[in-house]
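Me: Could you take me through this structure and tell me how each label is earned?

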Amino acid sequence: MNAMETAAHGSRPAHVADGHDMIRVHGARENNLKDVSIEIPKRRLTVFTGVSGSGKSSLVFSTIAAESQRMINETYSAFVQGFMPTMARPDVDVLDGLTTAIIVDQERPGGDPRSTVGTLTDANALLRILFSRLGEPHIGSPQAFSFNVPSVRAAGAVTVERGGKKTEKVTFTRTGGMCPECEGRGTVSDIDVTQLYDADKSLNEGAITVPGFKVGGWSVRFYTESGYFDPDKPIRDYTEQELHDFLYREPTKIKIGGVNLTYEGLVVQVRRSFLAKDRESLRPHIRAFVDRVATFAVCPECDGTRLSAPARSSKIKGANIADLCAMQVSDLAEWVRELDEPSVRPLLTTLQHTLDKFVEIGLGYLSLNRPTGTLSGGEAQRVKMVRHLGSALTDVTYVFDEPTVGLHPHDIQRMNDLLLQLRDKGNTVLVVEHKPETIAIADHVVDLGPGAGTHGGAVCFEGSVDGLRRSGTLTGRHLDDRAVLKDRVRTPTGKIAIRGANTNNLRDVDVDIPLGVLVVVTGVAGSGKSSLVHGSMPADAGVVSVDQSPIRGSRRSNPATYTGLLDPIRKAFAKANGVKPALFSANSEGACPTCNGVGVVYTDLGIMHGVSTTCEECEGRRFQASVLEYRLGGRNISEVLAMPVAEAEEFFGAGEARIPAAHAILRRLVDVGLGYLGLGQPLTTLSGGERQRLKLAMHLGDEGGVFVLDEPTTGLHLADIEKLLGLLDRLVDAGRSVIVVAHHQAVMAHADWIIDLGPGAGHDGGRIVFQGTPAQLVADRSTLTGEHLAAYVGA
C-alpha cells in the first residue's frame, strides 16, 4: 500500500518522532535510591508519593530535573557557563526522553533585606520604566525609582591615551532611588550598647559580650592593642574620649604587630557585621544576639518606602511608585487596567498580564513591597509560578514540590486547575505531593518506599489512582483516611488576650487564645493567620515559635551538629579514652589532614562540574586513623555518625555508651518522625518538611510554655499525620499550650479549639469569622473552613 492509498484509508503511518512519549529512567542511585528504573509518560500529570524520606525528591529533583538543567547549561558557550552554577551528572545509568525542566520548588528566595515580591517577579522593573516615561515631574531613568541604586556624584581627572596623552576633567552623576538614610531597607536600627559589653570588666577580662569576641583572638586584639585605651582598665572608668573611640570611632588605619589593619568602633563593627545582614540568614545564637541588642524602627526619612524624596515626588494620576507598591496586587491590577496611555501600551499589557497572574494563582492579597523573607514556603513557590503561567512554551517538564503547601482546602481546587492547565497545553507535569485531593487528579502515580532513608528508595507502585488504592502500599492504605471529631475536648487553664491587633491586614482583632489546650488557627491563604500568631502575641506570653524559615547550613552541617548532639558525644568519647574532646570533631583537631574533615577531595575544573572523590587517606570517614582507634560502646566516632537516629537512640540509651543528654535529644528527633535520618547526613540533603521538624525537635527541649507551630504537616505522609497528632497531644498533656497554624483537616478535627480567620484574603480578610470547638464549626458550616471540614469528616 503506497502513501496515497494509506491516506485514502484514513490512517497515517506512525512517524518515528512520535515514538518518544516517555521519560525513561534506568539505574537511578542518587541519595537513597536503589537502582530505580521507571518510565514516566510525557504530556501527562504524574504525582510522586511516599513517606517523607522515601526518595521522591531524589528521583524527581536530584535526578530527572537536575540532569535536564545540566544538559541545557551545556548548550551555552564556555564563556557563559563560567557564570553559571556547575552541576554534577546524577548517579544514574540511563536518562532518556528528557525535555526542558522548569523547577518550582519550596526553596525560599534569598533573604536579602532589599528583596521584595516586586523585585522577585520583575513587576517592580516594569513599574520603574513606567514612571521614568510618564511620571511628573520627570526625574530620570528607571534607576531613579530603584531603592537598590544609590545616587552617585563624582569628579576627577582622567588620562585618555589616544595618540598623544591628554588629561581631561570628568564629572559623573547617577540618580538612584535609594533612600540615603536607610539605604533602601525601609527600617533603621538602633543599638542597646549595654548589651555589647560588661562595664565592670576590662578588655583583657572579657568585657566584650558580642558572639565571636574571645580574649586573645584577633577580634579583641583590635581593641586591646589599638593604643586607644588601657586593656586592663574597667570600661566604666573610661574617659568620654576613650568610650567614644571604643564604641563609635570611624574606620582608622592602625598597626598591630607590624601589620597594617583597619580599626573601627564596636558599634560600627556590629552594625556592619550583624545588622547589615538579613536576620533570617543568621545562625540561631547570632539571631538571638541581634534580637537582644537591636531595635528596628520605620525609617523617618522615607517612612518605610525605601525610596528617596525625588523618587516619591514623581507621580502618575496622583500616585507615586511607593503608593502603587503598597497596594494589594488585585487593586493595583485594576489601577493599571484603567490607565490608558498608548505611548506605553506594550509595557502596560505586560504589567497587566503579570498582575492578573498573581490574582489567578491566589496571591492577589500580596503587595509588591512585601519582603520575600516574610513569605511562607507555599507563597514563595506560587510567586515563582507567576513567571510560568500563560507561557507560550509547550513540551516543557514542570516540576513541583508540594504545590499545595500553605493552601486552605478551598484553594487546593484552584491549584489543581492550574496544574491541569499546564498539562493540557502539552506539558509534562511532575508533582511531589501528599495531599489526597491532588493525588486524585493524577494521570499516573509513582509510589516510593516502602519506608524512609535506607528503608526506602524503591518503587512500590506505578499506575492509576484507583490502582494505588487497591495496591496495598502504605500510601494506598492511607489514601482514604479520615480523622474523626473528638468526643471530648480539654478545658482551658488560662488565656492569652490579644487586643486591637492590626499587624498587616488584621482589623483591630480582639481574641482570647485558650491555654492548656490544642488550638488550631486556620483560614484561607492570606487571611491573617501568621499576622495573628507571629505578629500580634504579647511580648510576655513566653511563646516558642517554630516557623518555616529555612535552616542555613553547609555540607559540613548535619543533624548531630545542628541539634547540639555532638557535644555530649564528643565529651563521652574523650572521657572514655582519656583524650581531648576536640579530637572527635571533623572540623577541629581530629579531622583528616588530607580532606580537612570533609570526607572527599574536591577538584575544581573551571566551567565544568568539579570532581569530588572519596578521600583515600580516611576512606570518607573524615577523621584521622588514630582517632578511629578510640571507641565508646564498641563503636568509633565515624560509626556513630553513620547511625540512623532510631539506632543511635537505643545505643546511647543503655549500657556503656549511655549518655542521658544525647539520648534526650535523640528521643525528640524520633518523636517528630526523623528516626530514619543519619546523624552525619548533610543538612543540604534534607527536604523542607524535614528541616522544619528538625527545628521542632530542637524547640521541644525549650522551657517555653506556649508553642506556636506553622504548618507542621508540611512534607508529612498521610501515614505520619497520626504520629504528629500524637506528639501534639503529648505536648499538651505535659502541661504545654500548643497553637498550630494549619490547613490540614485532620489537625482541625483533632483540635480542642479552632480560630478561623477570613472571610477572604488581604483586605477581604483579617477578621475572626469563627471561634469554638471543631464540632461547633462543623454544625454551623458558616465559613469555608466549616464546609470543608464537614465534608472531610462526613458530617
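Me: What phi does G578 take just after α21?

Reply: G578 takes a positive phi of about 65° there. This is a predicted model, in which local features need pLDDT of at least 70, side-chain atom pairs count only at pLDDT 80 or more, and totals for chains, interfaces and linings use all residues. Residues are numbered from 1 along each chain as its sequence is written, and side-chain values use heavy atoms, with hydrogens and water left out.

Me: How do you know that the span of helix α21 agrees with its number of residues?

Reply: Helices are DSSP runs of H or I with at least four residues, and the expected span is 1.5 Å times one less than the number of residues. Helix α21 (residues 566-577) has 12 residues and should span 16 Å; its end C-alpha atoms are 16 Å apart, so the two agree.

Me: Which residues of α21 are called buried?

Reply: Buried means under 20% relative accessible area (1.4 Å probe, protein chains only). In α21 that label goes to L566, P568, I569, R570, A572, F573 and A574. Their cover includes α20 (559-562), α22 (637-641) and α24 (660-671), judged by contact, meaning heavy atoms within 4.5 Å.

Me: What makes residues 1-10 a part to read with care?

Reply: pLDDT is the predictor's confidence in each residue, from 0 to 100. Over residues 1-10 pLDDT stays under 50, and the model has 5 contacts beyond four places in sequence for them. For the protein, the mean pLDDT is 85, and 93% of residues reach 70 or more.

Technical notes
Helices (H or I, at least four residues) and strands (E, at least two) are DSSP runs, numbered from the N terminus. Buried means under 20% relative accessible area, exposed over 50%, partly exposed in between (1.4 Å probe, protein chains only).
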